[in-house]
Amino acid sequence: MKNLNMISRRSFLKAAAAATAASALALTGCGGSTASSVASSAAASSAAASDTAAAGQSFKVGIVNYVDHASLNQIVESVENRLDALGKEKGVTFDYTDYYANAQADQTNLNQIGADLVADKVDVIVAVATPTAATMLAAVEDTDIPVVYSAVTDPVAAGFDGEENITGTSDALNTDAIMNLILAVNPDIDTIGLLYDLSQDASTQAIADAKAFCDEKGIKYIEKNGTTTAEVQMAADALIAAGIKAVFTPTDNTVMTAELSIYESFLEAGVQHYTGADSFALNGAFVGYGVDYVQLGEATADMVEQLLCQVKTTADLPYQTFDNGIATINTETCAALGLDLETVKAAFKPYCTEVVEVTTAENFS
């Protein structure tokens, strides 16, 4: 994958070859901007009806990642792999290599990336995470470039639902389900820690739901926050100092980025970290629950294909949510916490459709 400085780099030969191929083609098929400029109106109508790919067509797919961490990198990889498979199936090329960028959680970078992709006249932008989607939507305001987001936890609260030119996939979390997992292992627990970034839209509703759950069950909660890895480390230490034995984190990008820096501290203190994605568990957390990010990425790529190759619009494709009820247990962490894996799995069974076992992968991406 390429860094920020490479986002605006053009491949002249590839672009020239694509233009030549497009000019030579008189076939019906994918409804991208290149195809529409060379096809007759009759052929375009036929393309919309037949959904047949025009062999050799190339589409510019901008992919913008918010920051490096296991969940978001997993989505990007899944999107790319699925686009490659769809490209072979349709006989077209989804060129994302020349139009990938990682903003490293920097708003200035996001703004520049959006401007660059618009200048590059990409056919679609895949925006990973809520801040990315919001910035890309603003960037394409005066264009017809659609935005397909991935891992936006609450599209309605973000203002995307019903907005023109944007759709995508949501990783909304079933908070009650994961809180029930905490109680399944700790039926007598009286206090739960809540670790999250106040500025993360992905955390807002899930934390509110967690508080409501605790209030209903008569369980106290202690909140600690951080906006950087260093602050998350301090917040985790504060929860440990408070004697908390179970901590909940939703699909929070900031905490996910810091997971490798905090999981050992939690282990040493005997703290069970319950989180809103399997990728947290891959980076050391005790449990991840919720969306399969590979599936999320594949569904995102499918939307891209539908927009470009089936002549659909974002209005035709409402955003998708997933609730597959998968609990992912880090077996190394489970053992380090002194818990019996089979006992934990049995306790989880009533609340999950599946329990998956993983070990820590510090270089997971």
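In this predicted model, helix 9 (residues 229–241) lies across strand 7, strand 8 and strand 9. Its direction runs at about 155° to that of strand 8. Strand 8 pairs with strand 7 (residues 191–196) in the parallel sense, over 6 bridges. Within this pairing, Tyr221 of strand 8 is the bridge partner of Ile192.

Both strands belong to an open sheet of 7 strands. The strand order is 8-7-9-10-11-13-14, and the pairing is mixed. Strand 8 (220–225) and strand 14 (354–358) form the edges, each pairing on one side only. Direction ignored, neighbouring strands of the sheet are turned by 25° against each other on average.

Helix 7 (residues 175–185) also packs on this sheet. It touches strand 7, strand 9 (246–249), strand 10 (272–275), strand 11 (287–290) and strand 13 (326–330). The direction of helix 7 makes about 160° with that of strand 10.

Helix 7 has a helical partner as well. Helix 7 and helix 14 (residues 341–348) pack at an angle of about 130°, and their axes are 9 Å apart. Helix 7 is therefore oblique to helix 14. The crossing is right-handed. On the helix 7 side, the contact is made by Leu181, Ala184 and Val185. These residues meet Val344, Ala347 and Phe348 in helix 14. By class, this contact has 6 nonpolar residues, with no polar and no charged ones.

A further helix pair is formed by helix 4 (residues 70–90) and helix 12 (residues 293–309). Their axes come within 7 Å and cross at roughly 45°. The two helices are therefore oblique to each other. Helix 4 passes helix 12 in a right-handed crossing. Helix 4 contributes Ser71, Gln74, Ile75, Ser78, Val79, Arg82, Leu83, Leu86 and Lys90 to the contact. From helix 12 come Tyr293, Val294, Leu296, Gly297, Glu298, Thr300, Ala301, Asp302, Val304 and Glu305. By class, the contact of helix 4 with helix 12 has 9 nonpolar, 5 polar and 5 charged residues. The contact of helix 7 with helix 14, by comparison, has no polar and no charged residues.

Confidence was examined along the chain. The mean pLDDT is 86, and 84% of the residues reach 70 or more. Over residues 1–50, pLDDT stays under 50. For residues 1–50 the model has 73 contacts beyond four places in sequence.

Notes. Residues numbered from 1 in each chain as written. Predicted model: local features only at pLDDT ≥ 70, side-chain atom pairs only at ≥ 80, totals over all residues. Heavy atoms only, no water. Axes fitted to C-alpha atoms, helices over the stretch in contact; angles between N-to-C directions. Helix = DSSP H or I, 4+ residues; strand = E, 2+ residues; numbered from the N terminus. Parallel < 35°, antiparallel > 145°, perpendicular 65-115°, else oblique. Left-handed = near helix turned anticlockwise from the far one by under 90°. Contact = heavy atoms within 4.5 Å. Nonpolar A, V, L, I, M, F, W, Y, C, P; charged D, E, K, R; others polar. pLDDT = per-residue confidence, 0-100. Pairing = 2+ DSSP bridges.
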